[in-house]
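Reader: Got a minute to go through this one with me? Pull it up and let's start with the chain contacts.

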Amino acid sequence: MLELNDLSIVYPENHGPLTAVDHVSLRLERGGRLGIIGESGCGKSSLALSLMGLNRKARTHGTIVYQGVQLNGQSDKAFKAVRWKKIAMVFQNGSEVLNPVLNVFEQLDEVLKTHRRFSTKQRRELVLTWLERVGLDRNWAFEFPHRLSGGMRQRALLAMALCCEPELLILDEPTSSLDARSRSELMGLIDSIQADQGYSLILISHQLSVIEAMTTDLLTLYAGQMMEYGPTHTLLHHPMHPYTRGLINASPDYQIYKELWGMPGGNHETPASNGCPFAPRCVQKGPRCKNSRPQVQIITDGRSLACNKGGIEILLKGEHLHKSFALKKGTVQALCDVNVELKSGEILAVLGKTGSGKSTLAHVLSGLYPSDQGRLTFWEPGLDSLSATRKRDGLQIVFQDPYSSTSHRMTVLDTVKEPLDILGWGTSESRRDAALSALAQVELPNKPEFLEKHGHALSGGQRQRLSLARALTMKPRILIADEITSMLDPSSRANLLRTLMGLQNAQGFSMIFITHDLFLARKVADRVMVMDRGRCIEQGSSVRVFQNPFHPRTRELVDTMLGNVKNEPMLGMKQNVYNLLKPREAETFFQVNHNKEQRRTP
Amino acid sequence: MNRFTKNLHYFSPTGKAGLIILSLFFLMAVFSARLTTHPHDVSSGKALMPPCFDHVLGTDDIGVDLWSQLVYGARISLLVGFLTAGISGCFGALVGMFAGYTGGWMDRFFMRIIDGMMVLPDLPVMIVLAAFFGPGLAQVILVLSLFSWVFTARIVRSRVLVIKQKEYVIYARISGAGPVYLMRKHLFPEVLPLVWVSMIRLAGKAIVAEAGLSFLGLGDPTSRSWGLIIYHATRFPGIYYTRFWTWWLLYPFLALSGMVLALAFVCRDLETLADPRMNQKISGGV
Amino acid sequence: MKKLGRLTEYVITVLIILSINFFLPRMMPGDPFLFLSGDQGEQISAYSDEQIRQYKACYGLDQPIFRSYLSYLADLFRGRLGQSLYFNESVGHIVLRRLPWTVFLVCGAILFSTVLGTALGSLSAFYRNRLLDNVLYGFMMFFSEIPAFLIGLFFLFVFAASLGLFPLSGALTSFSPDRSVVQVLKDIIHHAVLPVAALSLTRLGGMYLLVRNIMISIIPKAYMRTARAKGLSRYRIFIRHGLRNALLPLTTRIFMSLGTLVGGAVLVENVFAYPGLGLMISQAVMVHDYPLIQGIFLVITLLVLSANLMSEVLYRVLDPRVKDGEG
């Protein structure tokens with residue numbers, strides 16, 4: 001029904017032309033529901049306005065074809081034929097979207113007067129009927145817009161858009177100023193009226209939950225360019241473009257557990273004109289992204305993507321991993337047919353009880369000991385787990401126990417730059433500089449007297465930061481964090497985690513976060529993998545796993561650890577004991593108790 | 001002076017023309033004694049002589065040289081204009097700053113006065129005052145000033161109110177800055193360009209008002225302002241039926257229009273210069 | 001509450017004007033009547049003792065200030081403006097006879113300048129930065145600055161004196177007893193063309209610039225975009241949505257500048273010897289007819305003030321938002 005072919009919209013600004021929409025092509029069928037998402041200024045609204053020929057100063061290139069007729073052209077005539085009769089729009093709610101000096105009725109009535117041949121009486125009835133249909137009482141019809149609440153104004157705008165029974169309804173941020181209840185009411189209205197009238201929808205919104213509820217197809221725009229397109233549900237649950245994933249990670253209605261992190265950098269950074277516009281902010285940008293503009297490629301079943309790297313990369317893939325340890329009597333199957341996958345810029349939490357094999361997985365992945373069976377592939381062909389840990393831009397691991405993972409004899413500086421020294425990277429000055437900046441990143445002082453301190457003079461939290469800094473000097477692409485916070489007090493733990501998450505967001509490395517703490521995992525992870533007795537029993541997005549675990553044992557784990565927390569006073573006591581004792585003792589104490597209770601409440 | 005020439009290229013062609021005309025009138029006023037050969041107040045030839053070599057612009061009904069009258073008239077116009085602008089500009093700026101800064105009932109009090117005076121028809125009031133206080137340059141200037149200060153005060157006050165709400169002023173106040181410091185460092189520099197602009201606008205208004213009053217016969221009869229020349233010319237019985245008006249009336253008319261237009265054009269350009277959005281560009285105001 | 005505040009403000013302003021009017025004769029330097037009998041210009045008019053006594057009695061110059069002030073106010077409330085010394089007639093009568101001409105001039109000028117200024121201003125705003133706009137803008141900027149009486153003089157000498165297209169002075173050709181109503185009307189319009197044109201032209205520039213600015217600020221507003229999206233006709237968008245919103249700031253400005261317009265009218269009447277209040281006041285000044293000066297002044301001022309009060313009421317009617325600001 002609607003077709004955009006290579007559409008570009010250029011605003012002639014004083015300081016050079018500004019391209020708001022950049023070579024976008026798409027199709028919308030009758031009754032189709034298209035969502036458009038993107039950061040502010042990405043060109044969503046310009047695109048919507050151009051469909052009605054409303055951005056006057058802009059020049060459009062390419063074609064807008066509606067039912068076989070090209071709308072944009074020399075004159076306004078083609079647009080005039082469709083405006084409001086066929087394509088209507090619900091504008092973003094603002095105080096001046098409705099004319100302040102005309103009452104609601106007049107503003108609806110004039111639409112009918114212009115486009116339909118009805119008598120005054122018929123028009124009046126129709127307007128009032130429509131207002132009632134969108135849930136606005138007749139009495140409000142003769143009020144001026146400023147008397148109406150935001151929700152009522154939005155309803156009036158909706159009635160205004162619908163009263164000529166358009167074939168295509170464009171909604172520009174229709175819900176951004178509404179509270180949750182009005183929002184769902186309005187969405188319900190649009191939905192139910194659509195069932196009646198069968199109009200197509202184009203919905204622009206920042207609220208991904210609204211997008212998911214209302215649309216079947218989704219378009220992601222960045223700097224006016226199409227980044228990703230596909231079925232809404234798939235796109236939101238399995239984003240292939242780092243930008244789409246960034247949008248999802250920054251949405252509170254989507255990312256309900258994890259801390260919110262926006263994409264670093266603003267979209268005001270001017271990208272290289274011939275490169276990928278998103279490259280300056282992308283976590284996986286490569287040399288090609290800078291000077292080659294990604295083409296929109298069709299991936300599968302109606303999904304298309306514009307990324308030089310073919311979407312979010314898979315950095316690490318383990319297939320059918322097995323590992324067993326020989327005991328005096330028999331063997332222990334620590335890993336049994338485990339499949340694991342890590343995407344770039346992703347945080348994967350590996351959850352499991354003690355002894356479930358999660359640390360073994362970490363060690364196998366980081367090449368501490370080889371797997372018995374299975375295949376481990378990295379982002380570069382020819383890379384294996386041993387060579388990956390021995391290069392910058394590779395894989396790094398941070399261990400659980402800071403007291404044993406950093407030497408108490410070495411000075412702070414020596415500890416941090418040790419991996420660089422081993423590699424013989426750069427000059428000694430540059431190594432020192434790298435160490436200093438890594439220390440700054442983990443928020444440790446880099447004053448000379450601190451640098452000369454020995455490991456034993458530092459607290460547990462400081463030493464854990466130290467080992468983190470050591471890993472960061474290598475600028476890792478993958479960081480494996482093996483229970484790094486389990487030996488810290490709650491405050492140090494929170495501080496360390498925030499630092500780590502901030503670094504992850506800024507530098508974009510991928511992380512495997514191994515923990516037995518579901519609360520922590522929930523705050524940190526994008527994706528969760530649950531281990532039990534050496535097997536991976538469940539994998540999925542964090543939200544899905546915590547809300548709707550598939551595997552009965554996962555459900556048990558989630559229910560008991562998260563669900564009972566409110567009415568289990570024992571846990572609080574346990575924490576107290578934990579804090580009173582020395583870390584080592586506490587760990588054993590806790591574990592012993594933990595094991596004892598496991599039959600009742602694990 | 002440097003800043004002046006730097007700002008000159010922000011002026012539009014009309015603004016530049018205005019500046020040139022204005023400076024010509026200034027020169028006329030300053031060097032009026034050198035520019036004229038005949039006295040401006042007593043007869044120096046035959047009555048109603050058309051322009052000739054001796055009397056460049058001719059003479060009026062009692063034989064006074066019109067060129068001399070015109071040149072000395074520039075003095076009066078400029079004197080009235082700029083004295084009025086100076087007095088009312090300074091007073092208005094003071095009142096505006098004071099009212100805006102102190103706020104409260106003082107502000108409301110002054111605003112009432114200003115609002116009241118804004119809607120008053122100024123010319124009838126001036127006529128009444130001039131009629132009662134008698135003609136005379138000083139009275140005219142006083143009466144004009146009495147009515148003009150409200151314009152400056154209004155503009156300055158509203159700007160002060162805006163600046164007062166700015167965070168950097170609030171910050172300065174929290175840090176212990178006194179009223180004197182705030183006025184000197186923040187309010188005054190920001191208000192100054194506005195005061196200049198409004199003073200020039202007032203000068204134009206005052207010149208027009210003086211001409212109007214003189215035209216009604218309420219000017220200083222001892223002076224020979226342009227308005228008064230026009231007054232006498234239009235009172236002359238045969239003026240409509242002879243060619244006398246082509247010199248007697250035309251030149252003061254042109255001088256007056258030229259002066260008013262020049263001031264208006266200069267003012268218009270200064271307004272855009274003093275616009276806060278433009279201010280960053282020229283750094284340091286007008 | 002706010003309305004009441006504005007009203008009291010107006011009452012106070014009126015009281016102050018009345019007081020000024022009352023105290024003026026007392027603040028005159030020296031004795032006004034000594035000055036009156038001096039040698040002053042063409043029209044020497046020494047008043048008789050009887051007239052001076054009348055004037056003093058009317059303004060209570062011979063009574064204690066407070067009592068005379070009260071009686072002065074009481075007289076005013078009964079509509080008594082005093083007795084003209086020169087014409088020996090009630091000031092009220094003179095004013096009533098002259099007032100229609102001034103109102104006619106002012107209203108005509110408002111009508112012309114507003115209609116034309118609005119049309120041209122919106123035209124300019126819609127064709128902003130095109131040739132039409134540039135030409136109009138330059139032209140209007142020029143005429144908005146020249147005072148009305150200078151334009152009047154120009155018109156008088158070009159169109160009336162040189163070309164003889166219009167009468168030189170007056171509002172009606174006198175001594176023509178039996179003429180039809182149409183002829184009289186034609187005569188009146190013939191006389192009024194130049195004064196109204198002179199007044200309108202100055203004002204037109206101001207109106208034009210104002211409307212242009214307002215429209216330029218209205219065109220990018222969200223509701224204008226909504227109107228365009230609705231596919232309304234250009235005419236409807238312009239009138240119903242654009243002008244309807246421009247009306248608000250426009251009315252306030254029309255009334256705000258009424259004082260200046262009246263001032264202009266006073267001068268223009270003198271230029272064309274148009275028999276309105278403006279001509280009367282200058283004649284009264286000439287003959288030092290103080291009661292007449294004061295009476296005319298009072299009437300003009302009170303009219304302008306009440307027009308302003310009306311404009312505030314009008315504003316409330318026009319802007320739905322103001323009404324609710326109080327509720």
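Reader: How much area is buried between chain C and chain B?
Author: About 4,100 Å². Carbon and sulfur atoms give 79% of that. Keep in mind that this is a predicted model.

Reader: Which three residues of chain C supply the most there?
Author: Glu145(C), Leu150(C) and Phe157(C). Together they supply 15% of the area that chain C buries against chain B.

Reader: And how many residues are in contact?
Author: On chain C, 49 residues, which touch 42 residues of chain B.

Reader: How many salt bridges across that interface?
Author: The rule finds two. In one of them, Glu145(C) pairs with Arg268(B). Their closest N and O atoms are 2.9 Å apart.

Reader: Which helix of chain C gives the most to the side touching chain B?
Author: Helix 13, with nine residues. Others supply at least two residues each, including helix 6 (131-145) and helix 7 (148-162) of chain C.

Reader: What about chain A and chain B, how far apart are their nearest C-alpha atoms?
Author: 16 Å, and the two chains do not touch. Two pairs of chains are in contact, and B and C share the most contacts.

Reader: Switching to the surface. Which residues form the nonpolar patch?
Author: Ile20(B), Leu24(B), Leu27(B), Val30(B), Phe31(B) and Leu35(B). Together they have about 560 Å² of accessible area. Helix 2 (residues 13-30) of chain B gives the most, with four residues.

Reader: Where does Leu35(B) lie?
Author: In helix 3 (residues 32-35) of chain B.

Reader: Why does Leu35(B) count as partly exposed?
Author: Because its relative accessibility is 40%, and partly exposed runs between 20% and 50%.

Terms used. Residues numbered from 1 in each chain as written. Chains lettered and ligands numbered in written order. Predicted model: local features only at pLDDT ≥ 70, side-chain atom pairs only at ≥ 80, totals over all residues. Heavy atoms only, no water. Patch = residues over 30% accessible without salt bridge, like charges linked within 9 Å, V, L, I, M, F, W, Y side chains within 5 Å. Areas by Shrake-Rupley, 256 points an atom, 1.4 Å probe, with all protein chains shown as cover. Salt bridge = Lys/Arg side-chain N within 4 Å of Asp/Glu carboxyl O. Buried < 20%, exposed > 50% of the residue type's maximum accessible area, 1.4 Å probe, protein only. Contact = heavy atoms within 4.5 Å. Buried area = accessible area lost by both parts, 1.4 Å probe.
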